[in-house]
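The following exercises concern helix packing, burial and backbone geometry. Each task is followed by a solution in steps.

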Amino acid sequence: MKQLIIGGARSGKSRLAQEYAKEWQQRTGGEVVVVATAEATDGAMARRIAHHQSNRPGDWKLVETRLDLPRTLLEQSRSANLILVDCLTLWLSNIQLSDRCWKREKQALLDTLSDLPGEIIFIGNEVGQGVVPLGELSREFVDESGWLHQSLAKRADKVTMAIAGLPLVIKSVEGV
């Protein structure tokens, strides 16, 4: 099963994903792999990362990747795994600030989805419900984030929006 959980900052999206992953692990005995895309570039980000780490069970495997998300997913995927990607929008930002082509990276991710045998949960920040940003890079980020979420939502079995720590299921394929 492939899931997408979106929401604003501090909406509870990571907590909801982690709760699902804990239940999945108890039910299946499988391994949970967290693919983290953040980098501690300043004190505030380091604190955010530490907060996320403190809320995860110690037996979960952590794999960090700033740029190589599709390759990392393929390397970590096994049918007995659940992969939790936190988060898509940081990955997009990392790509935008690199010399890589976003359209190729996005397509590589979408192409990879059909090759992933286990469960996967993508977490992304919903940034398109506010004011359109003034700067070109910020506008591009909001646009590309929205288009990425739309592309993944089409391919996902379940899409949930986190609001005030509560899940609002937007899409759920029969039996999910």
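The model is predicted, and the exercises begin with a pair of helices: α4 and α6 are oblique to each other.

**Exercise 1.** Determine how α4 and α6 are arranged and which residues form their contact.

Step 1. Helix α4 covers residues 88-96 and helix α6 covers residues 136-155; their axes come within 10 Å and cross at roughly 130 degrees.
Step 2. Angles from 65 to 115 degrees count as roughly perpendicular and those over 145 as roughly antiparallel, so an angle that falls in neither range, nor under 35, is oblique. The pair α4 and α6 is therefore classed as oblique.
Step 3. The crossing in which α4 passes α6 is right-handed.
Step 4. On the α4 side the contact is made by Leu88, Thr89, Trp91, Leu92, Ser93 and Gln96, which meet Leu137, Glu140, Phe141, Glu144, Ser145, Leu148, His149 and Leu152 of α6. Sorted by class, this contact has 7 nonpolar, 5 polar and 2 charged residues.

**Exercise 2.** Establish how many residues of α4 are buried, and against which elements they pack.

Step 1. Of the 9 residues in α4, 7 are buried, and the helix is mostly covered.
Step 2. The buried residues are Leu88, Thr89, Trp91, Leu92, Asn94, Ile95 and Gln96.
Step 3. Their packing partners are β1 (2-7), α3 (69-76), α5 (102-112), β5 (119-125) and α6.

**Exercise 3.** Classify the packing of α3 and α5 as parallel or antiparallel, and describe the contact.

Step 1. The axes of α3 and α5 lie 8 Å apart, at an angle of about 20 degrees.
Step 2. Angles under 35 degrees count as roughly parallel. The helices α3 and α5 are therefore roughly parallel to each other.
Step 3. Leu69, Pro70, Leu73 and Leu74 from α3 meet Glu105, Ala108, Leu109 and Thr112 from α5. The classes in this contact are 6 nonpolar, 1 polar and 1 charged.

**Exercise 4.** Identify the residues with the most contacts inside the largest nonpolar core, and trace the contacts of Leu69.

Step 1. The largest nonpolar core has 28 residues, and those with the most contacts inside it are Leu69, Leu73, Val85, Leu88, Leu109, Phe122 and Leu152.
Step 2. With neighbours within four places in sequence left aside, Leu69 is in contact with Val35, Val85, Leu88, Trp91 and Leu109.
Step 3. Another core, of 13 residues, lies apart from the largest one; Ala21, Val32, Val34 and Cys87 are among its members.

**Exercise 5.** Decide whether Gln3 is buried or exposed, and list its contacts.

Step 1. Gln3 belongs to strand β1.
Step 2. Buried means under 20% relative accessible area. Gln3, at 4% relative accessibility, therefore counts as buried.
Step 3. Beyond neighbours within four places in sequence, Gln3 is in contact with Tyr20, Ile120, Ile121, Phe122 and Lys158.

**Exercise 6.** Locate the cis peptide bond and the positive phi values in Arg10 and Ala164.

Step 1. Most residues other than glycine have a negative phi, and most peptide bonds are trans.
Step 2. Asp86 and Cys87 are joined by a cis peptide bond with omega of about 10 degrees. Cys87 is in the loop between β4 (81-86) and α4.
Step 3. Arg10 has a positive phi, near 60 degrees, and lies in the loop between β1 and α1 (13-28). At 52% relative accessibility, Arg10 counts as exposed.
Step 4. Ala164 has a positive phi, near 55 degrees, and is placed in the loop between β6 (158-163) and β7 (166-172). Ala164 is exposed, with a relative accessible area of 71%.

Definitions and conventions: Residues are numbered from 1 along each chain as its sequence is written. This is a predicted model: local features need pLDDT of at least 70, side-chain atom pairs count only at pLDDT 80 or more; totals for chains, interfaces and linings use all residues. Side-chain values use heavy atoms; hydrogens and water are left out. Axes are lines fitted to C-alpha atoms, for helices over the stretch in contact, and angles run from 0 to 180 degrees between N-to-C directions. Helices (H or I, at least four residues) and strands (E, at least two) are DSSP runs, numbered from the N terminus. A crossing is left-handed if the near helix is turned anticlockwise from the far one by less than a right angle, and right-handed if clockwise. Contact means heavy atoms within 4.5 Å. Ala, Val, Leu, Ile, Met, Phe, Trp, Tyr, Cys and Pro count as nonpolar, Asp, Glu, Lys and Arg as charged, and the others, Gly among them, as polar. A nonpolar core is a set of buried Ala, Val, Leu, Ile, Met, Phe, Trp, Tyr and Cys residues joined through side-chain atoms within 4.5 Å. Buried means under 20% relative accessible area, exposed over 50%, partly exposed in between (1.4 Å probe, protein chains only).
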